Amino acid sequence: MKITSKLYTALIFIFLFAPILVLLVFSFNEAKSLSVFSGFSLKWYQELFHDENTLESVKNTLILAVAATVISTVMGTAAAVGIHKLKNRWYRMAVNTVTNIPMINPDIITGISMMLVFVFVGRLFGASTSLNFWTMLIAHVTFCLPYVIFQVLPKLQQMERDLTEAAMDLGCTPFRAFLKVTMPEILPGIITGAIMAFTLSLDDFVISYFTSGNDFQTLPIRIYGMTKKTVTPKMYALATIIFFVTLTLLLLNNFVESGEDKRWRELKKQRKIRLKRSEQS
Amino acid sequence: MTMQTSVKTKKRGGMSLALAPYSAWSLLFILVPLIFVAYYAFTDDNFAFTTENITRFFTATSELKADDGTIGEVRTYLVIFMRSLKLAAISTLVCLLMGYPMAYIMARAKVRTQKTLVTLIMIPMWMNFLIRTYAWMTILQDTGILNGLLGLVGIDKIHIIGTETAVVIGMVYDYFPYMILPIYSILAKMDGKLLEAARDLGCNSVSVFKRVIFPLSLPGVISGITMVLIPSISTFYISQKLGNGKFFLIGDAIEGQYIANNLHFAAAIAFILMVILLACMALVKYLTARLVYGGE
């Protein structure tokens with residue numbers, strides 16, 4: 001890289017990482033100030049671990065994220081298999097378009113639109129508040145599904161079509177053929193999809209904000225409440241922890257992907273060797 | 001023969017069964033909600049048809065104190081909407097001007113460096129959006145870190161927080177990776193032979209960029225623009241924190257109506273936003289088709 005390129009890259013990364021650095025540094029600040037660093041201390045972390053409301057919201061966030069991930073991964077994988085087998089072009093295009101909607105639509109519209117349905121249905125049943133854990137779960141599953149589907153579909157398209165047919169010719173039921181043949185091939189896509197769903201669910205604020213009730217608060221919603229008042233470095237300590245957890249997940253995902261690349265290269269190599277041998281003999 | 005057909009029907013039945021839960025789900029929780037936005041937008045509290053919510057958006061007025069102290073009447077929501085559009089357009093332009101060179105540098109780096117740079121660009125996206133924005137607030141404050149650093153170098157303090165500039169900084173920061181990544185992925189895939197050919201045919205570096213690289217990267221630029229423009233038009237919270245609540249945006253208006261439990265009016269604003277975004281995207285798609293794929 002040329003020196004100007006290096007300089008430019010450095011400037012961009014200063015811009016991108018300045019706020020994160022501020023968070024990390026000031027979460028260890030002794031004083032309450034968020035602009036003057038007066039000494040190293042872990043007291044905000046200690047306070048964080050004694051804040052029961054925050055811990056409760058962490059627990060809620062995890063429960064919600066796990067539930068949303070499991071449901072959207074299972075349903076999304078099944079949907080991807082279904083879409084892949086669709087013969088009708090129009091039906092396929094319709095499903096694709098609908099799947100794209102939650103990814104393209106602004107979060108605020110996705111959130112508002114689902115909230116309207118929940119409130120309407122709640123009113124039909126005469127409930128005073130219709131927003132709760134379940135409405136939030138439905139919303140999270142809905143915005144996670146497209147990401148799972150679009151991770152699994154390409155893996156299905158990479159697969160050789162004949163493989164499942166062969167398994168079924170050899171006596172497998174379609175479901176068994178799926179488990180034994182298709183599943184191992186598309187597993188990396190499923191894992192990436194699941195990790196994406198999990199991190200998206202953990203991080204979501206806007207859609208959760210419109211679809212949550214008072215009885216079930218997730219972390220981003222609690223943070224929103226906290227930033228309405230004056231903020232202590234306690235929140236920065238929390239942000240630091242969340243940051244490192246998501247970072248670990250991201251790196252884990254990269255690891256899975258690079259393992260997958262290696263496996264592909266190995267397979268290709270073996271195939272080449274086999275071809276050469278068959279040519280020779 | 002009969003056996004074969006029976007196997008085939010069985011298979012097809014199994015597959016549509018796999019798609020069935022998702023079909024039902026997407027119908028109920030993607031399509032029906034969008035219809036409900038329109039339904040709420042065109043009804044009053046008793047669900048009787050009305051266009052009042054829509055008219056209110058275009059005609060509601062409020063008093064606005066101008067800089068010189070005079071008080072004038074303005075159309076509340078149109079002002080908010082134009083402001084959202086303006087700030088989002090500025091942010092998108094800044095993202096493009098800052099992001100294109102970065103994407104270009106990334107695409108020309110070694111493959112290994114490329115991978116590291118992509119990961120590094122994505123890392124800030126994994127910090128919660130609310131906290132990121134809040135961190136900028138503490139940086140930009142009058143007594144914040146930026147002014148502290150400027151003071152050390154001996155430059156006068158600057159007042160940023162609570163201005164439109166601060167809101168733009170927040171938007172650019174939050175959506176910057178969405179601009180870089182699509183442009184980068186197009187530039188990285190570009191065939192190096194094309195550039196060599198252009199050079200062999202007598203182009204200098206500037207005209208290689210102008211005549212070959214930039215036109216070929218347009219699809220990435222366009223998807224980058226849509227990916228930054230859409231969330232920054234509809235954002236809320238950023239302007240509340242970095243603009244000290246002075247610059248209400250369309251997202252803030254929707255949130256405000258939601259908090260006040262005016263669901264029908266909130267739906268009307270969301271509906272108008274959705275229609276305008278759809279029109280914008282159709283326009284972008286049309287222009288892409290003309291400029292990029294069917295140029296002549």
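I started at Asn261(B), which sits in the loop between helix 11 and helix 12 of chain B. (Helices are DSSP runs of H or I with at least four residues, strands are E runs of at least two, and both are numbered from the N terminus.) The model is predicted, with local features needing pLDDT of at least 70 and side-chain atom pairs counting only at pLDDT 80 or more, while totals for chains, interfaces and linings use all residues. Residues are numbered from 1 along each chain as its sequence is written, with chains lettered from A and ligands numbered from 1 in the order in which they are written.

**Entry: two odd phi values**

I looked up the backbone at Asn261(B) and got a positive phi of about 65 degrees, although the residue is not a glycine. Most residues other than glycine have a negative phi. Asn261(B) comes just after helix 11 of chain B. Buried or exposed, I asked of Asn261(B)? Asn261(B) is exposed, with 10 other C-beta atoms within 10 Å. (With C-beta atoms placed from the backbone, 20 or more others within 10 Å makes a residue buried, 12 or fewer makes it exposed, and in between it is partly exposed.)

Phe47(B) also has a positive phi, near 60 degrees, and is not a glycine. I found Phe47(B) in the loop between helix 1 and helix 2 (52–59) of chain B. Phe47(B) is partly exposed, with 13 other C-beta atoms within 10 Å.

**Entry: helix 11 of chain B**

Next I went back along the chain to helix 11. In this helix 8 of the 10 residues are buried, so it is largely enclosed by the rest of the structure. I noted the buried ones: Ile250(B), Gly251(B), Asp252(B), Ala253(B), Ile254(B), Glu255(B), Gln257(B) and Tyr258(B).

**Entry: the chains one by one**

I counted 12 helices and 2 strands in chain B. Along the sequence the pattern is α-α-β-β-α-α-α-α-α-α-α-α-α-α. The radius of gyration of chain B is 25 Å, well over the 19 Å that the globule rule gives for 296 residues, so chain B is more spread out than a compact globule. (The radius is taken over C-alpha atoms, and the rule is 2.2 Å times the number of residues to the power 0.38.) The C-alpha trace of chain B spans about 85 × 60 × 40 Å along its principal axes. Buried residues make up 37% of chain B.

Chain A has 11 helices and 0 strands. I get a radius of gyration of 24 Å for chain A, where a compact globule of 281 residues would have one near 19 Å. The principal-axis spans of its C-alpha trace are about 80 × 65 × 35 Å, and 40% of the residues in chain A are buried.

I also looked at contacts with a separation of 6 or more. (Two residues are in contact if their C-beta atoms, placed from the backbone, lie within 7 Å.) Residues 24 or more positions apart account for 66% of these contacts in chain B and for 77% in chain A.

**Entry: where the chains touch**

How many residues does each chain put into the contact? Chain B gives 59 residues and chain A gives 57. Helix 1 (2–41) is among the elements of chain B that give two or more residues to its side. Helix 1 of chain B gives the most to that side, with 19 residues. I sorted the chain B side by class and got 45 nonpolar, 12 polar and 2 charged residues. (Ala, Val, Leu, Ile, Met, Phe, Trp, Tyr, Cys and Pro count as nonpolar, Asp, Glu, Lys and Arg as charged, and the others, Gly among them, as polar.)

**Entry: helix 3 of chain B and its partners**

Across the interface, the axes of helix 1 (residues 3–26) of chain A and helix 3 of chain B come within 10 Å and cross at roughly 125 degrees. (Axes are lines fitted to C-alpha atoms, for helices over the stretch in contact, with angles from 0 to 180 degrees between N-to-C directions.) These two helices are therefore oblique to each other. (Under 35 degrees counts as roughly parallel, over 145 as roughly antiparallel, 65 to 115 as roughly perpendicular and the rest as oblique.) Ser5(A), Tyr8(A), Thr9(A) and Ile12(A) meet Met98(B), Pro101(B), Met102(B) and Ile105(B) there. By class, that contact has 6 nonpolar, 2 polar and no charged residues.

Within chain B, the axes of helix 3 (residues 76–108) and helix 9 (residues 205–234) come within 9 Å and cross at roughly 145 degrees. Among the contact residues are Ala88(B) and Cys95(B) of helix 3 and Gly224(B) and Val228(B) of helix 9. I count this contact as 9 nonpolar, 6 polar and no charged residues.
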